Amino acid sequence: MTKPAFNLTWHALSAHREALGEQHLNEIFAADPARAARMQLEACGVFLDYSKNRVTDETLTLLFGLAREAGLAEHTTAMFEGARINTTEARSVLHTALRRPAGASLGVEGHDVMADVVAVRERIRRFSEQVRVGSWLGYTGRPITDVVNIGIGGSDLGPLMVCEALQAFAHPGLRMHFVSNVDGVQIDDVLKKVNPQTTLFIVASKTFTTQETLTNAHTARSWLIGHAGSDAAVARHFVAVSTNAEAVSAFGIDTDNMFGFWDWVGGRYSLWSAIGLPIVLQIGADAFDRLLAGAHAMDEHFRTAPLEQNLPVIMALLGIWNIDFLDAPTQVIAPYHQRLHRLPAYLQQLDMESNGKSVKLDGSPVRCHTSPVIWGEPGINGQHAYFQMLHQGTRFAPIDFIGVLDHPAHLDHHHRVAFANMVAQAEALMRGKSAPEVEAEMRAAGLAEERIRALIPHRVFPGNRPSNMLLLERLDPFGLGALIALYEHRTFVQGVVWGVNSFDQWGVELGKQLAARVLEDLGATSDSNPHDASTAALIERYRQHARAGDPAR
């Protein structure tokens with residue numbers, strides 16, 4: 001695929017790519033011993049070594065030129081100042097405002113949005129403190145012991161990921177649960193674990209109409225009323241994160257316990273808003289403020305640092321190089337800390353919902369590859385699973401290795417083993433192992449010549465597989481906030497260069513529309529909506545099973 005002809009830097013990069021050919025990273029490092037020191041950068045407690053990417057100084061110079069040609073500085077200013085850069089929905093994009101400290105101001109179209117942000121933040125602080133100290137009581141007068149967040153997408157992935165990552169800072173008397181799947185199994189499993197007298201439900205839906213979320217919320221409501229014997233209990237056990245006061249009140253939630261946010265907060269950028277209520281309940285308002293502070297520090301770094309010393313910009317441009325010039329179809333996220341095990345799933349939504357677009361802001365085709373497929377699991381497990389493909393597969397996948405330097409003293413040996421594996425995997429993916437090396441290794445082990453010849457092709461590693469190494473000083477609220485904001489801005493930069501709107505998600509709408517029609521027909525005796533033959537047959541199969549009854553019951 002090609003970039004539009006007017007983008008001269010893109011064409012220069014294409015020519016540069018041809019000139020580089022398949023030059024191996026081993027050769028690049030051998031020719032440039034100072035490379036590693038030159039291609040390291042640290043900001044806001046996040047360290048990046050990007051020297052194991054298949055780039056040269058010339059590559060980087062061209063990539064920075066690409067960002068300038070795309071007008072990155074102007075787009076960045078527009079975002080931070082509240083311009084309506086989400087043009088298809090005519091909205092500002094101000095998740096960065098959610099991270100600004102109290103006392104700051106930001107005028108957007110004649111209104112100080114920071115006054116609204118601080119007001120909601122203070123309401124959340126007061127409410128969370130009541131729950132955490134045990135003064136918020138359930139319908140029998142007992143304090144809360146379990147919190148169940150009911151949401152989906154950004155209303156689930158962000159809070160869940162952060163709560164998992166910051167378990168070390170969790171309130172010892174509160175257990176957090178997250179429900180997003182509408183299949184009934186997840187909500188059923190959670191309700192079996194919790195006590196109706198001591199459980200608080202958070203229903204997170206901006207419009208309070210999200211089908212999956214409301215289905216689960218009504219199941220939880222019925223469960224509570226069934227135990228309490230009165231719908232009056234709902235007001236003591238349900239709160240809402242929403243903007244639809246009428247629907248929240250009709251559900252039975254006191255609107256004094258409704259926490260709002262604004263149309264300039266996109267779902268996948270919303271954990272910093274009232275959507276982060278479960279985070280505040282778990283770690284406390286002060287620690288949540290440190291999460292915001294880490295993200296704000298990265299905001300300021302991104303906004304002010306020169307491109308050549310800018311962490312999000314460098315990561316974004318390296319990603320574009322890998323995707324569009326080295327033809328990498330996917331991007332792996334490999335955290336080497338168990339608490340970050342939900343980070344890959346969170347980044348899937350952040351990246352693929354933001355930049356999984358095929359048209360530019362003006363509606364014309366992008367004519368280049370945009371978001372890669374984001375995937376991954378904790379790296380240690382991955383070494384015994386998907387790393388086989390990374391080392392010897394037919395398609396290469398760039399990798400972000402993510403490690404944490406600080407660790408409990410009693411886990412020193414465990415940490416050293418994990419860290420050694422992470423660094424070794426990055427080295428192995430870069431270096432590979434040549435046929436002469438394999439042959440010498442097997443000969444030294446005493447293998448027969450015939451066996452050596454047979455095994456050489458299977459034990460060769462091509463190497464030359466690019467990776468980034470990201471290190472946090474420690475996994476605390478500040479460091480996690482900075483890391484998340486780093487990836488947010490990386491996604492934004494790529495969207496600017498590709499010319500797409502990173503802040504809408506029209507691609508999720510068609511499935512929702514058709515699901516409503518299918519749901520209607522599943523409960524009927526015949527279809528009232530037109531379907532293709534395959535879909536109609538699947539609907540009829542469901543109806544037949546429902547009429548016959550489930551034999552497993």
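1. A quick word before the helices: contact here means heavy atoms within 4.5 Å. Please also keep in mind that this is a predicted model.

2. With that in hand, have a look at the meeting of H22 and H23. Val518, Asp521 and Leu522 in H22 touch Thr535, Ile539, Tyr542 and Arg543 in H23. By class, the residues of this contact comprise 4 nonpolar, 1 polar and 2 charged.

3. Now the geometry of that pair. Helix H22 covers residues 509-522 and helix H23 residues 533-548; their axes come within 9 Å and cross at roughly 40°. H22 is therefore oblique to H23. The crossing of H22 past H23 is right-handed.

4. On to the sheet, which you may like to trace strand by strand. It is open and mixed in its pairing, with 6 strands in the order E1-E2-E13-E12-E10-E11. At its edges lie strand E1 (40-43) and strand E11 (373-375), each paired on one side only. Direction ignored, neighbouring strands are turned against each other by 15° on average.

5. The E1 end deserves a closer look. E1 and strand E2 (residues 46-49) run antiparallel and are joined by 4 bridges. Glutamine 40 has aspartate 49 in E2 as its bridge partner.

6. Finally, two helices pack on this sheet. Helix H15 (residues 343-355) touches strand E10 (330-335), E11 and strand E12 (399-404), and its direction makes about 165° with that of E11. Helix H18 (residues 412-431) touches E12 and strand E13 (467-472), and the direction of H18 makes about 160° with that of E12.

Definitions and conventions. Residues numbered from 1 in each chain as written. Predicted model: local features only at pLDDT ≥ 70, side-chain atom pairs only at ≥ 80, totals over all residues. Heavy atoms only, no water. Axes fitted to C-alpha atoms, helices over the stretch in contact; angles between N-to-C directions. Parallel < 35°, antiparallel > 145°, perpendicular 65-115°, else oblique. Left-handed = near helix turned anticlockwise from the far one by under 90°. Nonpolar A, V, L, I, M, F, W, Y, C, P; charged D, E, K, R; others polar. Pairing = 2+ DSSP bridges.
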